[in-house]
Amino acid sequence: MTECMDSKLLEHYLKKYKIREIFDTKDLPFRLYRYETGEMMNIAHSQEQYLKFLVDGRVAMYSINDNGDMQQLFEEKAPAFWGEVEICGRSFSHHYHEVIKTAYCIELPLEPLRDILWNDLRFMQYLVSRMSESIYLAAGMMEVMTENLETRLIHYLKHTCKNKTMSGMELTAKHLQCSRRQLQRVVAKLIEEEKIVKTGWGTYTLLS
């Protein structure tokens, strides 16, 4: 991890993703950091200490199970935000963020800004909106998991995947709690029915 001192690049990302517009507070000390492929982002900079806006790159999320094995949960691509749990004093102690493609993050230190951010109405509204969306999507996924695999896959593409696009059979199969072979059969059927289309290696997009 290295701090990127390119002020023009920082400003570019701040404007591109309208990050300043999330806050009422002016002149926040935004910093831009670069994380290399293979680096564990939340070890280099703990999420308990920094709010993070992923503005470029790709990151995989892992958890450690009771057997000590690391299991991939999902991948995040820019733009993404992490910190709504940590600013509330909670943390995912067994979760790890591994950089899959060189990543740039705009970050804010939680200390000494925590009290300021707690009193920033626009930022609090942003957090509530994100949390409510997460709860809504999680509840919807729990309901749809009782349905057949085809219905679960379409729901996953429509409501969970960015740009309605899944990437990686193994990861998707884990999310949908099925085998890779079962998923491949359903994907082939949906392609034949022109409900999804292959857009790359292991990448499929839901058609409107």
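Colleague: In which loop does Pro79 lie?
Modeller: This is a predicted model, and the peptide bond from Ala78 to Pro79 is cis in it, with omega near 0°. As for its place, Pro79 lies in the loop between strand S4 (70–77) and S5.

Colleague: Which residues does the cis peptide bond with omega of about 10° join?
Modeller: The proline of this bond has its place in helix H3 (residues 110–118). That proline is Pro112, and the cis bond joins Glu111 and Pro112.

Colleague: How many helices and strands are there in the protein chain?
Modeller: The protein chain has 208 residues, and buried residues make up 40% of them. Of the contacts between residues at least 6 apart in sequence, 68% join residues at least 24 apart. The count for the chain is seven helices and nine strands.

Colleague: What is the strand order in the open sheet of three strands?
Modeller: The pairing in this sheet is antiparallel. Strand S7 (165–167) and strand S8 (196–200) each have a single partner strand, so they stand at the edges, with one side of each left without a neighbour in the sheet. From one strand to the next the twist averages 30°. The order is S7-S9-S8.

Colleague: Which residue in S9 stands opposite Thr165?
Modeller: S7 and strand S9 (residues 203–206) run antiparallel and are joined by three bridges. Opposite Thr165 in S9 stands Thr205.

Colleague: At about what angle to S7 does helix H6 run?
Modeller: Helix H6 covers residues 169–176 and lies across S7 and S9. Its angle to S7 is about 110°.

Colleague: How are H6 and H7 oriented to each other, roughly parallel or roughly perpendicular?
Modeller: H6 and helix H7 (residues 180–192) pack with their axes 9 Å apart, at an angle of about 100°. Angles of 65 to 115 degrees count as roughly perpendicular. The two helices H6 and H7 are therefore roughly perpendicular.

Colleague: How do the residues of the contact of H6 with H7 divide into nonpolar, polar and charged?
Modeller: On the H6 side the contact is made by Met169, Glu170, Thr172, Ala173 and Leu176. H7 contributes Arg180, Leu183, Gln184 and Val187. The residues of this contact divide into five nonpolar, two polar and two charged.

Colleague: How many bridges join strand S3 to S6?
Modeller: Strand S3 spans residues 50–64 and runs antiparallel to S6. Within this pairing, Leu51 stands opposite Leu108 in S6. The number of bridges joining S3 to S6 is 12.

Colleague: Which residue in S6 stands opposite Arg31?
Modeller: Strand S2 (residues 31–35) and S6 run antiparallel, joined by five bridges. In S6, the residue opposite Arg31 is Glu107.

Colleague: How many aromatic pairs does the structure hold, and is the pair of Tyr13 and Tyr104 stacked or tilted?
Modeller: The structure holds eight aromatic pairs. The ring centres of Tyr13 and Tyr104 are 6.2 Å apart and the planes are at 35°, so the pair falls in the class called tilted.

Colleague: How many residues apart in sequence are the parts that the pair of Tyr13 and Tyr104 ties together?
Modeller: Both Tyr13 and Tyr104 are buried. Tyr13 lies in helix H1 (residues 7–16) and Tyr104 in strand S6 (residues 95–109), so the pair ties together parts whose separation in sequence is 91 residues.

Colleague: What is the angle between the planes of Phe81 and Phe123?
Modeller: Phe81 is in strand S5 (residues 80–82) and Phe123 in helix H4 (residues 121–144), 42 residues apart. Their rings are 6.4 Å centre to centre and form an edge-to-face pair. The angle between the planes is 85°.

Colleague: Which residues form one aromatic cluster with Phe81 and Phe123?
Modeller: Phe81 is buried, with a relative accessible area of 2%. Phe123 is also buried, at 0%. The other members of their cluster are Phe23, Phe30, Phe53 and Tyr126.

Colleague: Is Asp27 buried or exposed?
Modeller: Asp27 lies in the loop between H1 and S2, and has a positive phi of about 55° although it is not a glycine. Lys18 is found in the loop between H1 and S2, with a positive phi of about 50°. The relative accessibility of Asp27 is 80%, so Asp27 counts as exposed.

Conventions
Residues numbered from 1 in each chain as written. Predicted model: local features only at pLDDT ≥ 70, side-chain atom pairs only at ≥ 80, totals over all residues. Heavy atoms only, no water. Pairing = 2+ DSSP bridges. Helix = DSSP H or I, 4+ residues; strand = E, 2+ residues; numbered from the N terminus. Axes fitted to C-alpha atoms, helices over the stretch in contact; angles between N-to-C directions. Contact = heavy atoms within 4.5 Å. Phe/Tyr/Trp six-rings, centres within 6.5 Å; stacked < 30°, edge-to-face > 60°. Buried < 20%, exposed > 50% of the residue type's maximum accessible area, 1.4 Å probe, protein only. Parallel < 35°, antiparallel > 145°, perpendicular 65-115°, else oblique. Nonpolar A, V, L, I, M, F, W, Y, C, P; charged D, E, K, R; others polar.
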